[in-house]
Amino acid sequence: RAASAHPINARDHRGHTPLHVAAFRGHVRCVRLLLEAGADPTARSRDRWTAIDEAVAAMQRECVIELIFQRARHVGRRYRARIPKLTESLERFPDVSFRLAWYFRSSYIPFVRSMAPNDVFTITKRGSNVRLDMTLVGYSGMRPKRGRLSFLFQGTTSETPGNLLVVDYQRGIVGDAFAFGRKVRVAREDFEEDADDMLENGSIMRGGASTADMELAPRLARRSLWSGLRRFAGGASQPSGDE
């Protein structure tokens with residue numbers, strides 16, 4: 001009766017939903033009932049916190065497990081429905097392979113580049129299939145955690161419904177991001193390790209970066225760079241060897 005009188009995702013003056021409050025207070029049964037009634041596990045408060053962040057901050061382990069389990073179901077089903085359109089869009093683009101290096105730097109904050117996350121992505125696209133290789137697998141304290149991950153997206157064909165695989169080479173694990181969309185049995189116990197990692201590291205901070213003014217700059221080869229400088233200088237000769 002209360003759910004019909006008030007939207008399940010109604011917010012208070014701080015942007016908290018009932019799910020935020022139940023997670024923070026550790027009411028696992030309420031969390032489950034709210035999720036079954038359609039509460040959004042990805043909803044954020046005015047401080048950009050999700051219900052998972054609230055549960056981690058309050059060290060509510062059972063709520064954290066339930067929430068990340070249900071979030072995986074929610075996100076998996078939502079993205080599963082987008083695969084056909086994504087496949088169609090990928091088919092229209094030419095095949096390509098490139099490396100993308102990204103990092104942070106600042107003239108005002110010393111050592112920001114050594115502390116901030118950075119990586120080199122290798123991206124390969126063939127038809128409606130995309131592969132992304134990366135080494136940044138997480139963050140521990142003030143240092144990024146390194147490993148080796150591959151994300152393999154396979155578009156929809158007459159033989160396969162399309163899927164997204166996550167390959168962790170260090171742990172020897174292949175995960176199916178769309179398992180819920182295919183009704184593959186996934187248990188809550190599968191998320192206990194992730195929950196324990198979040199509680200141990202206190203992972204409740206969320207960073208963001210605006211890409212509105214981002215520019216991609218190709219890295220010039222040494223010969224191309226010198227040719228540009230020579231034209232600018234008015235025809236200086238190119239150095240030989242390692243000068």
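Which residue lies over the face of Tyr-169, and at what distance from the ring centre? Arg-148 does, at 3.9 Å from the centre of the ring. The legends below describe a predicted model.

**View 1. Arg-148 sits over the ring of Tyr-169.** The close-up shows the charge of Arg-148 above the face of the Tyr-169 ring. The distance to the ring centre is 3.9 Å.

**View 2. The chain as a whole has nine helices and six strands.** It holds 243 residues, and 26% of them count as buried. About 17000 Å² is exposed, with 54% of that area supplied by carbon and sulfur atoms. Take the contacts between residues at least 6 apart in sequence: 48% of them join residues at least 24 apart.

**View 3. Confidence varies along the chain, with helix 1 lowest and helix 2 highest in mean pLDDT among the elements.** The chain averages a pLDDT of 77, and 70% of the residues score at least 70. Helix 1 (residues 2-5) has a mean of 40. Helix 2 (residues 18-25) has a mean of 96. Residues 1-5 have pLDDT below 50, and this stretch makes one contact in the model beyond near neighbours in sequence. Residues 235-243 also fall below 50; beyond near neighbours in sequence, that stretch has 13 contacts. Where pLDDT is low, the predicted coordinates should not be read in detail.

**View 4. Trp-102 and Phe-121 form the one aromatic pair of the count.** Their ring centres are 5.9 Å apart. The planes meet at 65°, over the 60 degrees that edge-to-face requires, so the pair is edge-to-face. The pair links distant parts of the chain: Trp-102 belongs to strand 1 (residues 96-102) and Phe-121 to strand 2 (residues 119-126). The two are 19 residues apart. Trp-102 is partly exposed, with a relative accessible area of 24%. Phe-121 is buried, at 16%.

**View 5. Cys-30 and Cys-63 are not bonded.** A search of the whole structure finds zero disulfides. Why is there no bond between Cys-30 and Cys-63? The closest cysteine sulfur to that of Cys-30 is in Cys-63, 9.1 Å away, and a disulfide needs the sulfur atoms within 2.5 Å, so the two are too far apart for a bond. Seen from the other side, Cys-63 is in no disulfide, and its nearest cysteine sulfur is that of Cys-30. Is each cysteine buried or partly exposed? Cys-30 counts as partly exposed, at 39% relative accessibility. Cys-63 counts as buried, at 1%.

**View 6. Arg-48 has a positive phi.** The angle is about 70°, although Arg-48 is not a glycine. Arg-48 is in the loop between helix 3 (28-36) and helix 4 (51-57). At 53% relative accessibility, Arg-48 counts as exposed.

**View 7. Met-59 has a positive phi.** The value is near 60°, in a residue other than glycine. The loop that holds Met-59 runs between helix 4 and helix 5 (61-80). Met-59 counts as exposed, at 51% relative accessibility.

**View 8. Lys-85 and Thr-156 are 71 residues apart in sequence.** In space their C-alpha atoms are 9.4 Å apart. Lys-85 is found in helix 6 (residues 83-92). Is Lys-85 buried or exposed? With a relative accessible area of 66%, over the 50% cut-off, Lys-85 is exposed.

Methods
Residues are numbered from 1 along each chain as its sequence is written. This is a predicted model: local features need pLDDT of at least 70, side-chain atom pairs count only at pLDDT 80 or more; totals for chains, interfaces and linings use all residues. Side-chain values use heavy atoms; hydrogens and water are left out. Helices (H or I, at least four residues) and strands (E, at least two) are DSSP runs, numbered from the N terminus. Buried means under 20% relative accessible area, exposed over 50%, partly exposed in between (1.4 Å probe, protein chains only). Contact means heavy atoms within 4.5 Å. Accessible areas come from the Shrake-Rupley method with a 1.4 Å probe; for residues, only the protein chains shown count as cover. Rings of Phe, Tyr and Trp (its six-membered ring) pair if their centres lie within 6.5 Å; planes under 30 degrees apart count as stacked, over 60 as edge-to-face and the rest as tilted. A charge sits over a ring if NZ of Lys or CZ of Arg is within 6 Å of the ring centre and within 35 degrees of the ring normal. pLDDT is the predictor's confidence in each residue, from 0 to 100.
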